[in-house]
Amino acid sequence: MSEPSSFDPATSTFLLAGPVRLHPRVQQAMAVPSLNHRGEYFHEIVHEVRGLLPLVFGRTGHQAIVTGSGTAGLEAMVSSVVGREDKVVVLSNGHFGNRLEKLATRFAKPVVVRAEWGHPFDPAKLSAVLSAERPKAVLAVYNETSVGFTNDIAALAPAIRESGALFLMDAISALPGLPTPPDDWGVDGIVVGSQKGLAAPPGLALVHLSDRAFGALKPQTFAEDLAEHFKSIEKDDTPWTPAVPLFLALREALLLLKEEGVEARQHRTHRYAEMTRASVKALGLSLFPEERYSSDTVTAIRYPEGIEDGAWRKVLRERHNVVVSGGQGEAKGKIFRIGHMGVVTEADLLAGIAAVERELHRLGKVSSLGPGVSVFLRLMP
Ligand code: PLP
């Protein structure tokens with residue numbers, strides 16, 4: 001007889017690489033009757049949210065909220081800033097770099113610079129490609145969620161800046177958990193997803209453009225025409241019917257971020273990442289990327305020999321009520337991922353590590369119970 005499942009979505013320890021756990025205040029913010037999206041009350045919400053966006057991007061600029069997932073935000077940025085005849089260089093070392101390439105193929109002429117998944121790009125190689133190709137824009141993923149890898153953008157930014165290309169960044173799972181791109185990175189476009197470090201539900205994309213990128217606007221799409229989005233948000237409005245409850249949730253999530261402070265959020269995210277990395281290593285597991293590139297928002301862990309992805313995540317879910325992510329694309333079946341961004345708590349992570357440890361022990365992969373959890377406990381303040 002199979003064991004009864006203890007999985008309960010209402011109470012699960014939710015450690016996905018996004019969407020992430022929601023704070024009760026964010027959940028409650030959505031429980032409202034229908035609102036007139038062209039009425040004064042909703043304009044005030046948009047006004048407040050708009051005023052909070054610089055907190056996320058770490059700068060002011062042309063900023064808007066697109067209804068749609070992170071991909072819609074990327075599509076809005078790319079299709080609005082580059083033209084079909086423009087050459088763009090896309091950096092790809094993971095599933096989302098690959099997706100950026102596919103997206104760019106629809107709206108421009110991409111030249112792809114690749115690195116192995118979980119490995120950094122060579123700045124000299126990038127320089128050589130930029131000199132040879134003279135692209136209109138460079139597209140890069142700040143935090144490659146698929147393999148728990150943070151690209152060393154500081155090492156790549158000088159070459160991009162010197163080339164004069166616009167620098168458009170997928171920061172969907174990066175901000176606000178990772179340090180904000182400093183001005184000297186010369187970033188012209190940034191997209192952040194609502195469902196990652198902001199800890200709002202999925203369905204909204206936050207988009208920032210510099211004056212330079214704004215000046216280059218020549219939109220190729222209709223619903224995601226950023227010129228329309230910027231024009232509307234100036235009037236505390238949206239061009240089309242927005243996802244009203246998600247705006248209410250985003251406002252609450254942004255207020256939580258403001259109350260905590262962006263630096264404190266980043267510090268906490270880093271600390272949780274260190275605790276997670278140390279605990280899984282103490283269990284004899286290895287990280288997918290080299291540790292110095294390991295992401296602070298999501299940890300990617302290689303499966304030891306003999307563990308099957310589907311069965312592993314099922315047992316965590318059904319015996320322990322713990323939800324983690326699997327791998328994607330070519331990393332599918334090779335890794336599982338623990339998200340530690342947004343408003344996840346130490347207690348959540350401790351429950352996750354305990355479940356991983358219990359099941360590794362049951363499978364004979366660790367000889368005694370205790371090493372992972374005790375490392376985690378010792379790193380607690
Ligand atoms: N880019 C990165 C780095 C991501 O992590 C994700 C989602 O996980 C996406 C793009 C796609 O975002 P969405 O699924 O919200 O469209």
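A salt bridge is a side-chain nitrogen of Lys or Arg within 4 Å of a carboxyl oxygen of Asp or Glu. The exercises below concern a predicted model.

**Exercise 1.** Determine how many salt bridges link domain 1 and domain 2, and verify that R265 and E260 satisfy the criterion.

*Solution.*
- Step 1. The chain is divided into domain 1, covering 13-21 + 262-379, and domain 2, covering 24-260.
- Step 2. The count between these two domains is two salt bridges.
- Step 3. In the pair R265 and E260, the closest N and O atoms are 2.6 Å apart. The cut-off is 4 Å, and the pair R265 and E260 is accordingly listed as a salt bridge.

**Exercise 2.** Describe the extent of the interface between domain 1 and domain 2.

*Solution.*
- Step 1. The centres of the two domains, taken over C-alpha atoms, are separated by 27 Å.
- Step 2. On the side of domain 1, 30 residues are in contact with 30 residues of domain 2.
- Step 3. The size of an interface is often given as the accessible area lost when the parts come together. Domain 1 and domain 2 bury about 2500 Å² between them, and 58% of this lies on carbon and sulfur atoms.
- Step 4. Of the area that domain 1 buries against domain 2, V262, R265 and Y293 supply 27%, more than any other three residues.

**Exercise 3.** Identify which elements give two or more residues to the side of domain 1 that touches domain 2, and state the composition of that side.

*Solution.*
- Step 1. Across the interface, 13 residue pairs are in polar contact, both residues being at pLDDT 80 or more.
- Step 2. The elements that qualify are α10 (262-282), β11 (298-302) and β13 (335-339).
- Step 3. Among the elements, α10 gives the most, with six residues.
- Step 4. By class, this side of domain 1 has 14 nonpolar, nine polar and seven charged residues.

**Exercise 4.** Locate the cis peptide bonds that precede P19 and P176, and place A199, a residue with positive phi.

*Solution.*
- Step 1. G18 and P19 are joined by a cis peptide bond with omega about 0°; P19 lies in the loop between β1 (13-15) and α1 (24-29).
- Step 2. L175 and P176 are likewise joined by a cis peptide bond, with omega about 0°. The loop that holds P176 runs between β8 (166-170) and β9 (189-193).
- Step 3. A199 is not a glycine, although its phi is positive, at about 60°. This residue, A199, is found in the loop between β9 and β10 (204-209).

**Exercise 5.** State how many aromatic pairs are counted, and name the members of one aromatic cluster.

*Solution.*
- Step 1. The count comes to seven aromatic pairs.
- Step 2. One aromatic cluster is formed by Y303, W312 and F336.

Definitions and conventions: Residues numbered from 1 in each chain as written. Predicted model: local features only at pLDDT ≥ 70, side-chain atom pairs only at ≥ 80, totals over all residues. Heavy atoms only, no water. Domains from an automatic or database assignment. Contact = heavy atoms within 4.5 Å. Buried area = accessible area lost by both parts, 1.4 Å probe. Polar contact = N/O pair within 3.5 Å; in protein donor to acceptor, adjacent residues only side chain to side chain. Helix = DSSP H or I, 4+ residues; strand = E, 2+ residues; numbered from the N terminus. Nonpolar A, V, L, I, M, F, W, Y, C, P; charged D, E, K, R; others polar. Phe/Tyr/Trp six-rings, centres within 6.5 Å; stacked < 30°, edge-to-face > 60°.
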